[in-house]
Amino acid sequence: MTAKLGVSALVLLFLGGLWLVAAPFAVGYQPRGGSYADATVNDLWLGGGIAAVSFVSLVVYAADALRELASRGRHAES
């Protein structure tokens with residue numbers, strides 16, 4: 001149960017980070033063709049960082065889960 005909650009939180013963080021990266025362009029507060037506004041730069045760095053950290057955490061969790069499954073499989077064969 002706690003694993004599902006943790007994975008759900010990481011997925012939501014990843015999606016939130018992606019939204020922060022896309023928001024300046026989707027909402028329209030970044031002028032087209034102009035230099036990046038301070039809010040855009042902030043959203044890109046913060047959103048990119050959140051998305052990257054949550055994605056790496058998801059990959060680490062998946063690798064750990066696969067390692068545990070493989071370990072259980074080896075013990076079942078014995």
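**Exercise 1.** How much area does the protein expose, and what share of it do carbon and sulfur atoms supply?

*Solution.* The structure is a predicted model. The exposed area of the protein is about 5,900 Å². Carbon and sulfur atoms supply 70% of this area.

**Exercise 2.** Describe the overall form of the protein by its secondary structure, its radius of gyration and its box.

*Solution.* Begin with the secondary structure: the protein has two helices and zero strands. Next, consider the radius of gyration, which is 19 Å, whereas a compact globule of 78 residues would have a value near 12 Å. Finally, along the principal axes, the C-alpha atoms fill a box of roughly 65 × 20 × 15 Å.

**Exercise 3.** State what percentage of the residues is buried and how the contacts are distributed along the sequence.

*Solution.* Of the 78 residues, 13% are buried. Turning to contacts between residues at least 6 apart in sequence, 51% of them join residues at least 24 apart.

**Exercise 4.** Determine whether S54 is buried or exposed, and describe its surroundings.

*Solution.* First, locate the residue: S54 belongs to helix α2, which covers residues 38–77. Second, apply the cut-off: a residue is buried if its relative accessible area is under 20%. The value for S54 is 3%, and therefore S54 is buried. Third, examine the side chain of S54, which reaches the backbone oxygen of I50 at 2.9 Å. Fourth, leave aside the neighbours within four places in sequence; S54 is then in contact with L10, L13 and F14.

Terms used. Residues numbered from 1 in each chain as written. Predicted model: local features only at pLDDT ≥ 70, side-chain atom pairs only at ≥ 80, totals over all residues. Heavy atoms only, no water. Helix = DSSP H or I, 4+ residues; strand = E, 2+ residues; numbered from the N terminus. Rg over C-alpha atoms; globule rule 2.2 N^0.38 Å. Buried < 20%, exposed > 50% of the residue type's maximum accessible area, 1.4 Å probe, protein only. Contact = heavy atoms within 4.5 Å. Areas by Shrake-Rupley, 256 points an atom, 1.4 Å probe, with all protein chains shown as cover. Polar contact = N/O pair within 3.5 Å; in protein donor to acceptor, adjacent residues only side chain to side chain.
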